[in-house]
Amino acid sequence: MTGSWGWDLLLGVTAALALTWVALVAVLVAVRPRGDLLREALRLLPDVLRLVRRLAADPELPRGVRIRLALLLAYLAFPLDLVPDFIPVLGYADDAIVVTATLRSVVRRAGLPAVRRHWPGTEDGFAVLCRLTGLTERPGRVQGDAARHDSEA
């Protein structure tokens, strides 16, 4: 392309990183909470961070769940964001979106009772968390939106 393999390599790596970043932003847009849930998620962020720390320290949870939570805490502690803060809407919301997507995975694996046991906030906040993760409590089991739609069909 440029005649120099070094510059070609640099251009290729730069293009691959840019394409990966665009793909990650597209995923963030796809999994973001809809409507007012994003605003509520941002308000819950302090309680959610305490919840994530408590869940990550719980030795009763599966190792995969604790690893996901530790990676989430590392992402949140890292000074560079996936989406820079100067980008409108997604700039400040990327942390809330990443936390929400991770919590959906964690709650489905660990179960809503474990999350309830560690929840530091109010009952209203817990209800918002349940809506964010797409889960509801049923006697004896936790059921997600997809499973609920399958059972209703």
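Student: Let's kick off with E123: is it buried or exposed?
Tutor: We're looking at a predicted model, so every value here is computed from that. The cut-off for exposed is over 50% relative accessible area. E123 comes out at 55%, so it lands in the class called exposed.

Student: Which residue does the side chain of E123 meet in a salt bridge?
Tutor: Side chains of opposite charge can pair when their charged atoms come close. Here the N to O distance is 3.2 Å, and the limit for a salt bridge is 4 Å. The partner counts as partly exposed, at 32% relative accessibility. The residue that pairs with E123 is R116.

Student: How many salt bridges does the structure hold?
Tutor: One of them is the E123 and R116 pair. Another joins D47 and R50, and R117 forms one with D58. The total for the structure is three.

Student: What is the N to O distance in the salt bridge of D47 and R50?
Tutor: Both residues sit in helix 2 (residues 37–56), and because they are three residues apart, about one helical turn separates them. D47 is buried at 17% relative accessible area, while R50 is partly exposed at 33%. Their side chains meet with an N to O distance of 2.2 Å.

Student: And R117 with D58: how many residues apart in sequence are the parts that this pair ties together?
Tutor: The closest N and O atoms of R117 and D58 are 3.3 Å apart. R117 belongs to helix 5 (residues 112–118), whereas D58 is in the loop between helix 2 and helix 3 (63–77). D58 is buried, with just 7% relative accessible area. The pair therefore ties together parts whose separation in sequence, in residues, is 59.

Student: Over to the nonpolar stuff: which residues touch the most other members of the largest nonpolar core?
Tutor: In soluble globular proteins, nonpolar side chains tend to be buried together. The core in question has 23 residues, and the elements giving two or more of them are helix 2, helix 3, helix 4 (90–110), helix 5 and helix 6 (123–133). V48 touches V99, L103 and W119, among others, leaving out residues up to four places away in sequence. The two with the most contacts to other members are V48 and L129.

Student: Which residues is T102 in contact with, leaving aside its neighbours within four places in sequence?
Tutor: T102 is in helix 4. The cut-off for buried is under 20%, so T102, at 16% relative accessibility, counts as buried. With those neighbours set aside, its contacts are R68 and L72.

Student: What about the surface: which residues form a nonpolar patch there?
Tutor: One member, L9, has its place in helix 1 (residues 5–31). L9 is at 49% relative accessibility, so it counts as partly exposed. Together the patch members have about 490 Å² of accessible area, and they are W5, L9, V13 and L17.

Student: Zooming out, what pattern does the protein follow along the sequence?
Tutor: There are seven helices and two strands to place. Reading along the sequence, they come in the order α-α-α-α-α-α-β-β-α.

Student: Last one: what percentage of the residues in the protein is buried?
Tutor: The accessible surface is about 9,500 Å², with 64% of that belonging to carbon and sulfur atoms. Among contacts with a separation of 6 or more, residues 24 or more positions apart account for 62%. Of the 153 residues in the protein, the buried share is 33%.

Note on methods
Residues numbered from 1 in each chain as written. Predicted model: local features only at pLDDT ≥ 70, side-chain atom pairs only at ≥ 80, totals over all residues. Heavy atoms only, no water. Patch = residues over 30% accessible without salt bridge, like charges linked within 9 Å, V, L, I, M, F, W, Y side chains within 5 Å. Areas by Shrake-Rupley, 256 points an atom, 1.4 Å probe, with all protein chains shown as cover. Helix = DSSP H or I, 4+ residues; strand = E, 2+ residues; numbered from the N terminus. Buried < 20%, exposed > 50% of the residue type's maximum accessible area, 1.4 Å probe, protein only. Core = buried A, V, L, I, M, F, W, Y, C linked by side-chain atoms within 4.5 Å. Contact = heavy atoms within 4.5 Å.
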